[in-house]
Amino acid sequence: MLSKSRHRDKIKINFNANVFKEVSMGIQFITDSMCDVDEAILHRYPFEILPIPITIGDKTFFDGIDITPDMVIDAVDAHPDTFPKTSQVQTVAYQKAFEKHLARGDDIIYLALSSGLSGTFQTASLIASQLLEDYPDRKIAVVDSLCATTGMMLILHQGLKLGKLGRPFEEIVDTMTFLARHVNIYFLVGDIKWLAKGGRIGKNVALIGDMLKIKPILYFQDGRILAYEKIRGQKKAERRLFELVDQKMPDKRQCVGFIESKAPELQEKARKALTKDLGIKNFIVPQAGAGAALTVHIGPKCLGIMFFDALPDNYINVTP
């Protein structure tokens, strides 16, 4: 059960979600490719992933379709002055995906990349309201994840499980919205110079940081990626990352998410440490690691850990 202070966060359905219309049949879950996927979950639960466009120079690619993380890293190495950029899912992709399921008689829950990083949430909400003029008996909820990567997967995973159990549309949206407000994401950054190339820190700061072997820890705040701490030395940074997880996660009876970018050994080390020291039993781990869209933002040699600082009463701690 949540404490009284946490009960204030059991918000109405439309706090961070735009919910439209009535009467539910089947529910189709949709997200975008900034949500890094655990393959076991993808195979067990049906949901759709819309690709995020990535522009390198004068060419546009689509995440998960015709570009890989290695292509992003190679492009930055070859042309450091032309840094890749991500943009929001194309309007036509929303229209086609939403209308396909509406026409089939399904309601839709779309989990969007953080509104602090992209206009995806606003665009999807606008298209949903327009389409429902033609489908007045259907419902669409556009949920702002306030995060990215496996944090989104943690939220979506709970929605998928509740949908499998036949829970009401409103309960699922309410739960996913609650979780979005309580997701924590901490990244240990491997290459501080990559952040400078992407414009996330100054070049002089990156140069000094590289000389001093500074390892930044990034986190999400209000849906945006910010620097949490700068630690000197890799081992100290790893210890500090594990300490943050312990301090910020009061309820250890939950699924914990990982993401790594060219750092599988570090991820496995972290998984073993959290199992031994914190008793964590269930993990969501995207087998392919960070997707191309996320790699644009964090670069290589990174490790991210995601969890919730509060759980709803209907939380299900089972994977997949």
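Is H157 buried or exposed? In this predicted model, H157 is buried, because its relative accessible area is just 1% and the cut-off for buried is under 20%. The residue sits in helix 6, which covers residues 149–164. Setting aside the neighbours within four places in sequence, H157 is in contact with I41, C255, I284, V318, T319 and P320.

Two of those contacts, T319 and P320, deserve a second look. The peptide bond that joins T319 and P320 is cis, with omega at about -10 degrees. As for where this falls in the fold, P320 belongs to the segment after strand 14.

Helix 6 has another residue to flag, T149. Its phi is near 50 degrees, which is a positive value in a residue other than glycine. T149 is also buried, because its relative accessibility comes out at 0%. K301 makes a handy counterpart: this residue is not a glycine either, and its phi is positive at about 60 degrees. K301, however, is found in the loop between helix 12 (292–298) and strand 14. With a relative accessible area of 55%, K301 counts as exposed, because the cut-off for that is over 50%.

On to the sheets. One of them is an open sheet of six strands, ordered 11-10-9-14-12-13, and its pairing is mixed. Strand 11 and strand 13 (283–284) take the edge places; each has a single partner strand, so one side of each has no neighbour in the sheet. Helix 11 packs on this sheet and touches strand 9, strand 12, strand 13 and strand 14. The direction of helix 11 makes about 160 degrees with that of strand 12.

At the strand 13 edge, strand 12 (residues 256–261) pairs with strand 13 in the parallel sense, over two bridges. Here G257 stands opposite I284 of strand 13, and I284 also turns up among the contacts of H157. At the strand 11 edge the pairing is antiparallel, with eight bridges between strand 10 and strand 11. One of the pairs there puts F220 against its bridge partner I225 in strand 11. Strand 10 and strand 11 make a hairpin with two residues between the strands, and in this hairpin D222 takes a positive phi near 55 degrees.

Helix 10 is covered by parts of this same region. What covers its buried residues includes strand 9 (183–188), strand 10 (214–221), strand 11 (224–232), helix 11 (264–278) and strand 14 (302–308). The buried residues themselves are A237, E238, R240, L241, F242, L244 and V245, so the list holds the charged names E238 and R240 along with the others. The length of helix 10 also checks out: the helix has 15 residues (234–248), and at 1.5 Å a residue the expected span is 21 Å. Its end C-alpha atoms are 21 Å apart in the model, which agrees.

A second open sheet has three strands in the order 5-4-6, with antiparallel pairing. Strand 5 (59–62) and strand 6 (85–86) stand at its edges, and each has a single partner strand, so one side of each is left without a neighbour in the sheet. Strand 4 (residues 53–56) and strand 5 run antiparallel and are joined by four bridges. Across that pairing, P53 stands opposite F62 in strand 5.

Then there are the cysteines. The structure holds zero disulfides. C147 is in no disulfide, and the nearest cysteine sulfur, that of C35, is 8.3 Å away. The cut-off for a disulfide is within 2.5 Å, so this pair does not qualify. C147 counts as buried, because its relative accessibility is 0%. C302 is buried too, with a relative accessibility of 0%.

Finally, a word on confidence. The protein averages a pLDDT of 88, and 87% of the residues score at least 70. Over residues 1–16, though, the pLDDT is below 50; this stretch has 34 contacts in the model beyond near neighbours in sequence. Residues 20–24 also have a pLDDT below 50, and that stretch has 23 contacts beyond near neighbours in sequence.

Methods. Residues are numbered from 1 along each chain as its sequence is written. This is a predicted model: local features need pLDDT of at least 70, side-chain atom pairs count only at pLDDT 80 or more; totals for chains, interfaces and linings use all residues. Side-chain values use heavy atoms; hydrogens and water are left out. The expected span of a helix is 1.5 Å times one less than its number of residues. Buried means under 20% relative accessible area, exposed over 50%, partly exposed in between (1.4 Å probe, protein chains only). Contact means heavy atoms within 4.5 Å. Two strands pair if DSSP finds at least two bridges between them. Axes are lines fitted to C-alpha atoms, for helices over the stretch in contact, and angles run from 0 to 180 degrees between N-to-C directions. pLDDT is the predictor's confidence in each residue, from 0 to 100.
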